[in-house]
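Some notes on the model follow, for checking against the coordinates. They take up one helix, one of its residues, and a pocket.

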Amino acid sequence: MCTEPLAEKTLREYAFAPRDFELVKRMIYARAGIALAGNRQEMVYTRLTKRLRATGSPDFSEYLNRLDKNAEDQEWEAFVNALTTNLTAFFREEHHFPILAEHIKSRRNGQTMKLWSSAASTGEEAYSMAMTMVEAFGSIKPPVRILATDIDTNVLATARRGIYTTERLENMPPARIKRFFLKGNGRQAGFVQIKQELRDMITFRQLNLLDTNWPLYGKFEAIFCRNVMIYFDKPTQYRILQRFTPLLGQEGLLFMGHSEIFAHAADLIRLCGRTVYKKVEQDAKRER
Ligand SMILES: C[S@@+](CC[C@H](N)C(=O)[O-])C[C@H]1O[C@@H](n2cnc3c(N)ncnc32)[C@H](O)[C@@H]1O
C-alpha cells in the first residue's frame, strides 16, 4: 500500500498531508455524520482547494483550524456543501413510485397528508413524488404536502428554482414532460422549469439529519431517505431510524436506497416491499 503523503506524489497548489485529511474526516463526521472512506483523499483535496482559494487561506492547516476552533464560523456551510455527494435523478429507483401512489390513495381520509424527502438533493426526488401524487389523484391539487430537506444549501437553492437541463428528462415519457414542465426558449433553450402548481406542493428547507432537534410536527404518511444512509456508519443510521419511526403514521412507509441494508435495526423497521419498510410497532416488540 502506498502511504506517501499526497503532497509529495505530485506537485500541488497546496500541500495536503495525511493529518489534514484525518482532520477533514473527523470534522465532516462530527458535523454531518458522513464517514469518509480512506480512499477519498483526492476528492477531498479537489473539492476543498476551491474553498481555500475562495477564502484566501494560505494552506489546509489554517483553513481547517479556523473551522475547528469556531463551530459558528459561516464557512462551515460551504465546507459541508463541498463534501456532500448529490447524485440524483427524476424517478430514480422507479419501483418506489407506484407503491407510494397506492399507499397514499389507500390512506386518503379527507385531510392533507404529509410526505418527506429527507435527503432531497437538487429536488428531483421530491418533484417525482409530487408528479406521482398528481397522477394518482388525477388532480393538480392532490391532498398532499411534501417537505423536502437536505443539509446542503447549494442543492436546495437549485431544487427551489426547479430548473433543469433537458438531458435530465431523458427517460421521462413525453406526456409527463408536457404536463409538468415548461420548456425554455431563446437564452433558456435546453432548460426546463417545473410548473408552478407542482412547486407549490413542496416546501424546501435545510435540515441536518444528524441534528438532535428536528423542527418537524405531525406524522408523515411516507418518508424517503434514499441513498444517504450509505454515507453514515451503522450507529448513526440507527439513531436516525430511531427518530424517523415516531414521525411515521401508523401504516407509514419508509423508502430507502437500493444498497442500504438495515439488519442492525430490525427492532425498529421491518421490510414490507423492495427497499420499503414499516416501523415495528411497540406492541409487536413487547410480544416477542
Ligand atoms: C446521493 S444524494 C441522494 C438524493 C436522493 N435522495 C436520491 O436518492 O436520489 C445524498 C444527499 O444527502 C445529503 N446529505 C448528506 N448528509 C446529510 C445530512 N447529515 N443531513 C441531511 N442530508 C444529508 C447530501 O447533501 C445529498 O444531497
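1. The model is predicted. Just after helix α3 comes Gly56, which has a positive phi, near 65°.

2. Helix α3 itself covers residues 41-55, 15 residues in all. From first C-alpha to last, α3 reaches 21 Å, close to the 21 Å expected at 1.5 Å a residue. There is nevertheless a bend in α3 of about 25°, located at Leu48.

3. Which residues of α3 are buried? They are Met43, Val44, Tyr45, Leu48, Thr49 and Leu52. Leu48 thus appears both in this buried set and as the site of the bend. As background to such a pattern, an α-helix has 3.6 residues a turn, so residues three or four places apart point the same way.

4. Glu42 also belongs to α3. Is Glu42 buried, partly exposed or exposed? Its relative accessible area is 40%, and Glu42 counts as partly exposed because that value falls between the cut-offs of 20% for buried and 50% for exposed. Measuring from C-alpha to C-alpha, Glu42 lies 37 Å from Leu271, with their positions 229 residues apart in sequence.

5. The largest pocket holds about 410 Å³ of space. Its lining consists of 25 residues, and those nearest the centre of the pocket are Thr85, Ala119, Asp150, Asn227 and Val228.

6. How is the lining of the largest pocket divided by class? Nonpolar residues number 13, polar residues eight and charged residues four.

Conventions
Residues are numbered from 1 along each chain as its sequence is written. This is a predicted model: local features need pLDDT of at least 70, side-chain atom pairs count only at pLDDT 80 or more; totals for chains, interfaces and linings use all residues. Side-chain values use heavy atoms; hydrogens and water are left out. Helices (H or I, at least four residues) and strands (E, at least two) are DSSP runs, numbered from the N terminus. The expected span of a helix is 1.5 Å times one less than its number of residues. The bend at a residue is the angle between axes fitted to the seven residues ending there and the seven starting there. Buried means under 20% relative accessible area, exposed over 50%, partly exposed in between (1.4 Å probe, protein chains only). On a 1 Å grid over the protein atoms alone, a cavity is a set of points where a 1.4 Å probe fits but cannot get out, and a pocket is an open set with protein on both sides within 12 Å along at least five of seven lines; lining residues have an atom within 4 Å of a point. Grid points are joined across faces, edges and corners, and a volume is the space filled by probe spheres set on the points. Ala, Val, Leu, Ile, Met, Phe, Trp, Tyr, Cys and Pro count as nonpolar, Asp, Glu, Lys and Arg as charged, and the others, Gly among them, as polar.
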